[in-house]
Amino acid sequence: MLQVRKKGRSKALRRRKGDRTAADEVGRFYYKGNRQKQMRAFVYTVKLGTLTRAAEALFLSQPTVSLQLQALERELGISLLERRRRRINLTDAGEALYELARPLVEGWENLDRDFQAKVKGLQGGRLTIAAGSSTIQYLLPELVRRYREQFPEVQLQLANVTGKDGLALLRADEADFAVGSMLDVPNDIAWAPVYHYDPMLIMPLNHPLASMTTVTLQDLSPYGLILPPQRLSTYRLVDMVFQQRQVPYRVAIEVGGWDVIKEYVAMGMGISIVTGICITEADRSRLAVRNMKQYFPQRSYGVVMRKGKFLTAEARAFVDLVRPGLLTHRDYDESGHSER
């Protein structure tokens, strides 16, 4: 009797063991068959920083994304992610996999568009760039000219917006990227500065300060300044410098647009601090210009985009005109806490 029970128990154990083996084989097949989904879940989680945001972007539930990540780690036999508080950090193995998986997932996401671009030479695509007035007027024309020469069929839209409105367009995916200057960079935004311009004092040719080779901040106090509106970064920057150095100043006129400011200065209505980006050779024939980098910081202009954003072929082609390979470093892809 005892022997019969033992044989029966051994048979049952073998059967359960066989079931587990079969389940493991099915599981491995299931994992391999969904490797693409696992990689998308992994890349999106790394880019967007949390499981919740990755799930929203993939239109999946958070538990589903978590299971896909666990399946990937089980299949590869190694830990890829470390969960610390609200953030997810990569292990060394995760770093290595991300570098390999990111271009594959990005390529898959843009496969249809890139295929059309290869076949048609970027015909019929669309590109939206957010930028401020000065950027559109002084920095972008040459880049836009070169882009139009290479890709005449792409529908190009330049959204003339302030910095705050430009960030809103990026976060809403209504602009591919922005070009401009930034004083404060939010955690969910990547900024790659490319062009750098000195701050310039401009004044009429017959102004008392025009005869001085070097002009100090204190020399500006008696004269009224013509500045952009307070909501713009230039006004805030000028105010900050005067306040930090405890030098009194007064604003005579607030008005938008560098061309308007230059015209008012030339007419003798005041002096101004402008960014070197807007100074042309024609301006130097009617305005006295002095470099003020001793007191005011340089303004840098570059490409701004939302972290985790997959650039289209049209967008990458324009960015490569700005600087080849820009925004390919992982720091520009890595996502931070959303400011929305």
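Phe-177 and Phe-318 are both buried. They belong to a predicted model whose protein chain contains 13 helices and twelve strands. Of the 340 residues in the chain, 47% count as buried. Among contacts with a separation of 6 or more, 76% are between residues 24 or more positions apart. The points below treat the aromatic residues, the nonpolar cores, helix H8, the pockets and the cavity in turn.

**Aromatic pairs and cluster**

- Seven aromatic pairs are present in the structure.
- In one of them, the ring centres of Tyr-147 and Phe-318 are 5.2 Å apart and the planes stand at 55 degrees, so this pair is classed as tilted.
- Tyr-147 belongs to helix H7 (residues 133–150) and Phe-318 to helix H12 (residues 313–322), so that pair, with its partners 171 residues apart, links distant parts of the chain.
- Tyr-147 has a relative accessible area of 0% and is therefore buried; Phe-318, also listed at 0% relative accessibility, counts as buried.
- The pair of Phe-177 and Phe-318 is tilted as well, with 5.9 Å from centre to centre and 45 degrees between the planes.
- Because Phe-177 lies in strand E5 (residues 177–181) and Phe-318 in helix H12, this pair ties together parts that are 141 residues apart in sequence.
- Tyr-147, Phe-177 and Phe-318 are joined by Phe-151 in one aromatic cluster.

**Nonpolar cores**

- The largest nonpolar core comprises 41 residues, and those touching the most other members are Leu-127, Tyr-147, Phe-177, Val-274 and Phe-318.
- Apart from this core lies another, of 23 residues, which includes Val-46, Leu-81, Leu-97 and Ala-101.
- In soluble globular proteins, nonpolar side chains tend to be buried together.
- Leaving aside residues up to four places away in sequence, Val-274 touches Asp-198, Pro-199, Met-200, Ile-202, Trp-258, Ile-261 and Ile-279.

**Helix H8**

- The buried residues in H8 are Gly-166, Leu-167, Leu-169, Leu-170 and Arg-171.
- An α-helix has 3.6 residues a turn, so residues three or four places apart point the same way.
- The elements covering the buried residues of H8 include E3, strand E4 (155–160), E5, strand E6 (189–197) and E12.
- After H8 comes Asp-173, which has a positive phi, near 60 degrees.

**Largest pocket**

- The largest pocket holds about 990 Å³ of space.
- Its lining consists of 36 residues, and Val-161, Thr-162, Gly-163, Leu-232 and Ser-233 are the ones nearest the centre.
- At least two lining residues come from each of strand E3 (126–131), H7, helix H8 (163–171), E5, H9 and strand E12 (299–306).
- H8 contributes the most to this lining, with five residues.
- By class, the lining of the largest pocket has 15 nonpolar, 15 polar and six charged residues.

**Second largest pocket**

- The second largest pocket encloses about 340 Å³ of space.
- Of the 13 residues that line this pocket, Leu-48, Ala-57, Asp-173, Arg-306 and Gly-308 lie nearest its centre.
- Helix H2 (35–48) and helix H3 (51–58) each provide at least two of the lining residues, and H3 gives the most, with four.
- The lining of the second largest pocket divides into four nonpolar, two polar and seven charged residues.

**Cavity**

- One cavity of 30 Å³ or more is counted, and the largest cavity has a volume of about 70 Å³.
- The largest cavity is lined by Pro-199, Thr-234, Leu-237, Val-238, Ile-273, Val-274, Thr-275, Phe-296, Pro-297 and Arg-299.
- Helix H9 (233–244) and strand E10 (272–275) are the elements that give two or more residues to the lining of the largest cavity.
- Seven nonpolar, two polar and one charged residues make up this lining.
- Val-274 appears in the lining of the largest cavity and is also among the residues that touch the most other members of the largest nonpolar core.

Notes. Residues numbered from 1 in each chain as written. Predicted model: local features only at pLDDT ≥ 70, side-chain atom pairs only at ≥ 80, totals over all residues. Heavy atoms only, no water. Core = buried A, V, L, I, M, F, W, Y, C linked by side-chain atoms within 4.5 Å. Buried < 20%, exposed > 50% of the residue type's maximum accessible area, 1.4 Å probe, protein only. Contact = heavy atoms within 4.5 Å. 1 Å grid on protein atoms, 1.4 Å probe; cavity = no way out; pocket = protein on both sides within 12 Å on 5 of 7 lines; lining within 4 Å. Points joined across faces, edges and corners; volume = space filled by probe spheres on them. Nonpolar A, V, L, I, M, F, W, Y, C, P; charged D, E, K, R; others polar. Phe/Tyr/Trp six-rings, centres within 6.5 Å; stacked < 30°, edge-to-face > 60°.
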